Amino acid sequence: MTTLPKPRQPELKTALPGPRSQDIMARDKMHLSTSYMRPYPFVPDHGEGVWLTDVDGNTMLDFFAGIAVSTTGHAHPHVVKAVQEQIGKFTHVCLTDYPQEITTSLAERLVKHVERPLADGSTEKWRVFFSNSGAEAVEAAVKLARNHTGRQHIISTMGSFHGRTYGAITLTGSKTKYKRGFGPLLPAVSHVPYPNPFRPPLGSTPETCGQAVIDHIEGLFVGILPADEVAAIIVEPMQGEGGYIVPPADFLPKLRQLCDKHGILLIYDEVQAGMGRTGKMFSYQHFGNGGQDCQPDIITSAKGIASGMPLGALLAKESVMTWPVGSHGSTYGGNPVAAAAAHATLDLLEGRVQHPGCGASLMENAAQVGAYIMAELKKMQTEFPFLGDVRGEGLFIGMEFVQPDGTPDGALRDRASMRMFEKGLLNLDCGEAVIRISPPLILTREDAETGLGIMREALAELAG
């Protein structure tokens, strides 16, 4: 009888943190910015796929991918090769001043995922501006929206996260600590509720919360904020730091209709949920006839776009990207080495290059393995009453912890998160009481089983 090999497990050689980690953490605390949070005592040394090993030799299963950044896992050979080849050519020339084939072809590949046929038989054209990060892409989106429309006001949502630069933290609505002590912030910004079906705002229900938010915005236009002074509405099609929330199916199409009615640009922040994580290239494509009925005017992207290399992208309809020459730029944005990593990442997402055991493409793998994880977590939800909600798409999954009365239980979430970490599972919280599951998209079902086993052990201990 043949015995199948046991799936790989975390390997903990020392207590966490180990002695070398403790030394580095002490030096880190002495010399680096006091703003860094350091929620987990882990100092990485090297990685392979979905596994990350610290400086003491402790190997952990990665279920958060550097906040949804390491799309292809750690040290993916196809990405490593692309980066090495580009470094051997040139590392920087400044895209603001000199065109480069590697970024031109990257833009061509990106826009193919959003351009659509029009009624007259033509194709809707898009353009790309490259930045270093998601926050920079958001800043650029605000500048472009104001410049194009001649209007000033921007509407964002509560619970949102758009970055930590000045304009971005003004738009952010997830935590006041990002704003405290940094005012005055960007003027002419308002926030409206996000339609969370698990916690419906404005006295609505899970089925009506999307319409309730639309009605709320229309109400602002009647008595508080002139619609013809609003340049754009920016929204995460699936909200990230706010709690990994998936809105009701009708929300984005109705938001598109509202924007069209009032001449307002619609911006989707796809920094965390985009680049194949939900099983589609961009998360808005889960709604409105594959995104056709809720197409935005501007998209911001970063994080998973280049498998850990610093790159952001602002995608905009050609009819909207009308700012004049020299009005916006970046010294490092669109760096050719980062662009090479993005090309390699797209190869794997699109299926031009296949990763062993991950199907035809990493987007397909994200959809299939994510569906398996969701189903298993739903089973755990029936076993552990403090799991109030499990939600998500693909490998963009949130599990919310609640008290007996249904209110968020952040303290229990924190204990669960730490127990999972102590058992060898790297994870990260979000929202008031949510653990997010955002592993590299090369996660196999076997490795997912390992992670789910660790989670079940931790939850059982809490229940006991």
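Where in the chain does cysteine 94 lie? Keep that one in mind, everyone, and I'll come back to it. Hello, and thanks for coming. One caution before we start: what you see above is a predicted model.

Let's begin with the overall layout. The protein chain splits into two domains. Domain 1 is made of two stretches, 19-72 and 358-463, while domain 2 covers 84-350. Measured out in the model's own terms, I'd rather say computed: the C-alpha centres of domain 1 and domain 2 are 26 Å apart.

Now, how do these domains meet? On the domain 1 side, 37 residues make contact with 31 residues of domain 2. Interface size is often quoted as the accessible area that is lost when the parts come together. Here the area buried between domain 1 and domain 2 comes to about 2,700 Å², with carbon and sulfur atoms giving 61% of that. Three names are worth writing down: Met363, Glu393 and Phe396 supply 27% of the area that domain 1 buries against domain 2, more than any other three residues.

What about polar links? Between domain 1 and domain 2 the count is one salt bridge. If you look for arginine 199, you'll find a salt bridge to glutamate 400, with 2.8 Å between the closest N and O atoms. Across the interface of the two domains there are also 13 residue pairs in polar contact.

Which elements build the side of domain 1 that touches domain 2? Helix H2 (65-68), helix H10 (362-383) and strands E11 (387-393), E12 (396-401) and E15 (434-437) each supply at least two residues. E11 gives the most to that side, with five residues. By type, the residues on this side of domain 1 are 20 nonpolar, twelve polar and five charged.

On to the aromatics. The structure holds nine aromatic pairs. One of them joins tyrosine 244 and phenylalanine 396: their ring centres are 3.8 Å apart and their planes sit at 5°, so the pair counts as stacked. These partners come from distant parts of the chain, 152 residues apart. Tyrosine 244 is in the loop between strand E7 (230-235) and helix H8 (251-262), and phenylalanine 396 is in strand E12. You may remember Phe396 from the list of three residues a moment ago.

Last, some backbone features to look at. Most residues other than glycine have a negative phi, and most peptide bonds are trans. The bond from leucine 16 to proline 17 is cis, with omega near 0°, and proline 17 is found in the segment before helix H1 (19-31). Glycine 183 and proline 184 are also joined by a cis peptide bond; proline 184 is in the loop between helix H6 (166-171) and strand E6 (189-192).

And cysteine 94? This residue lies in the loop between helix H3 (77-87) and helix H4 (101-111), and has a positive phi of about 80° although it is not a glycine. Thanks, all!

Terms used. Residues numbered from 1 in each chain as written. Predicted model: local features only at pLDDT ≥ 70, side-chain atom pairs only at ≥ 80, totals over all residues. Heavy atoms only, no water. Domains from an automatic or database assignment. Contact = heavy atoms within 4.5 Å. Buried area = accessible area lost by both parts, 1.4 Å probe. Salt bridge = Lys/Arg side-chain N within 4 Å of Asp/Glu carboxyl O. Polar contact = N/O pair within 3.5 Å; in protein donor to acceptor, adjacent residues only side chain to side chain. Helix = DSSP H or I, 4+ residues; strand = E, 2+ residues; numbered from the N terminus. Nonpolar A, V, L, I, M, F, W, Y, C, P; charged D, E, K, R; others polar. Phe/Tyr/Trp six-rings, centres within 6.5 Å; stacked < 30°, edge-to-face > 60°.
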